[in-house]
Amino acid sequence: QVQLVESGGDSVQAGGSLRLSCAASGWTITSNCMAWFRQAPGKEREGVATIRGDGGSPTYHTDSPKGRFTISRDNAKNTVYLQMNRLKPEDTAMYFCAAREGFFCVTPPSIDEFNYWGQGTQVTVSS
């Protein structure tokens, strides 16, 4: 059974930092595309960042996180990370980890293309 478990979400003040983790079990992330999505209340789920199977080509798919967020992966730990710096209130959302069976990531990322999802971790940023 494949499981993706996110952690690291919290309530922080604007300007703060968080590091989200996504630990996979029952499946190896090695050589597969991984992604972070987020969904704010009343809004559609949007792709935040993707990273291909070898850790190359990290790509950020919304304008706001560019320069503030960093996606990375540790295949040996079967874990993907999202480092979020200089957080803003508009970053408030549920953050989801997603996995796609395939080395390359599609741009822009589509929800339908990902095979596995985590349950989400809440990030709340207050001003």
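Is N78 buried or exposed? Keep that in mind as you open this predicted model and select N78 for the opening stop.

**Stop 1: N78 and its surroundings**

N78 sits in the loop that runs between β7 (69-74) and β8 (79-84). With a relative accessibility of 14%, N78 counts as buried, because the cut-off for that word is under 20%. Now show what surrounds N78. Setting aside neighbours within four places in sequence, you will find C22, A23, A24, S25, W27, T28, I29 and T30 in contact with N78. Zoom in on the side chain of N78, which reaches the backbone oxygen of W27 at 2.8 Å. Before moving on, try a distance label between C-alpha atoms: N78 and G16 are 62 residues apart along the chain, and 27 Å separates them.

**Stop 2: S21 in its strand**

Next, select S21, which belongs to strand β3. S21 is buried, at a relative accessible area of 18%. Which residues does S21 touch, not counting those up to four places away in sequence? The list is V5, E6, S7, W36, T79, V80 and Y81.

**Stop 3: R38 and its salt bridges**

The model holds four salt bridges, and R38 is a good place to start looking at them. Select R38 together with E46: their side chains meet in a salt bridge, with N to O at 2.8 Å. The two partners differ in burial, since R38 has a relative accessible area of 6% and is buried, while E46, at 31%, is partly exposed.

Now add D91 to the selection. The side chains of D91 and R38 also meet in a salt bridge, this time at 3.0 Å from N to O. D91 lies in the loop between β8 and β9 (93-100) and R38 in strand β4 (residues 33-39), so this pair ties together parts that are 53 residues apart in sequence. Both D91 and R38 are buried.

For another salt bridge, jump to D54 and R52, whose closest N and O atoms are 2.7 Å apart. Here D54 is partly exposed at 44% relative accessible area, and R52 is partly exposed at 24%. Then return to R38 and colour R38, E46, R68 and D91 together: salt bridges that share partners join these four residues into one network.

**Stop 4: the largest pocket**

Keep R38 on screen, as R38 is also one of the residues lining the largest pocket. To see the rest of the lining, add Q39, A40, K43, E44, E46, E90, T92 and A93. How much space lies in this pocket? The value is about 150 Å³. If you colour the lining by residue type, you should see two nonpolar, two polar and five charged residues. E46, which you met as a salt-bridge partner of R38, is part of this lining too.

**Stop 5: F114 and the loop after β9**

Move on to F114, in the loop between β9 and β10 (116-117). F114 is buried, with a relative accessible area of 8%. Leaving out neighbours within four places in sequence, its contacts are C33, A35, F37, T50, A98, A99, R100 and P109. Pick A35 from that list and label the C-alpha distance: F114 and A35 are 79 residues apart along the chain, and their C-alpha atoms are separated by 8.7 Å.

While you are in this part of the chain, select P108, which is also placed in the loop between β9 and β10. The peptide bond joining T107 and P108 is cis, with omega at about -10 degrees.

**Stop 6: two serines with positive phi**

That cis bond leads on to other backbone angles worth a look. Most residues other than glycine have a negative phi, and most peptide bonds are trans.

With that in mind, select S31, in the loop between β3 (18-25) and β4. S31 is not a glycine, yet its phi is positive, near 70 degrees. S31 is partly exposed, with 39% relative accessible area.

Finish at S57, in the loop between β5 (46-51) and β6 (59-60). S57 has a positive phi of about 50 degrees, again without being a glycine. S57 is partly exposed, at a relative accessible area of 44%.

How values were computed: Residues numbered from 1 in each chain as written. Predicted model: local features only at pLDDT ≥ 70, side-chain atom pairs only at ≥ 80, totals over all residues. Heavy atoms only, no water. 1 Å grid on protein atoms, 1.4 Å probe; cavity = no way out; pocket = protein on both sides within 12 Å on 5 of 7 lines; lining within 4 Å. Points joined across faces, edges and corners; volume = space filled by probe spheres on them. Nonpolar A, V, L, I, M, F, W, Y, C, P; charged D, E, K, R; others polar. Helix = DSSP H or I, 4+ residues; strand = E, 2+ residues; numbered from the N terminus. Buried < 20%, exposed > 50% of the residue type's maximum accessible area, 1.4 Å probe, protein only. Contact = heavy atoms within 4.5 Å. Polar contact = N/O pair within 3.5 Å; in protein donor to acceptor, adjacent residues only side chain to side chain.
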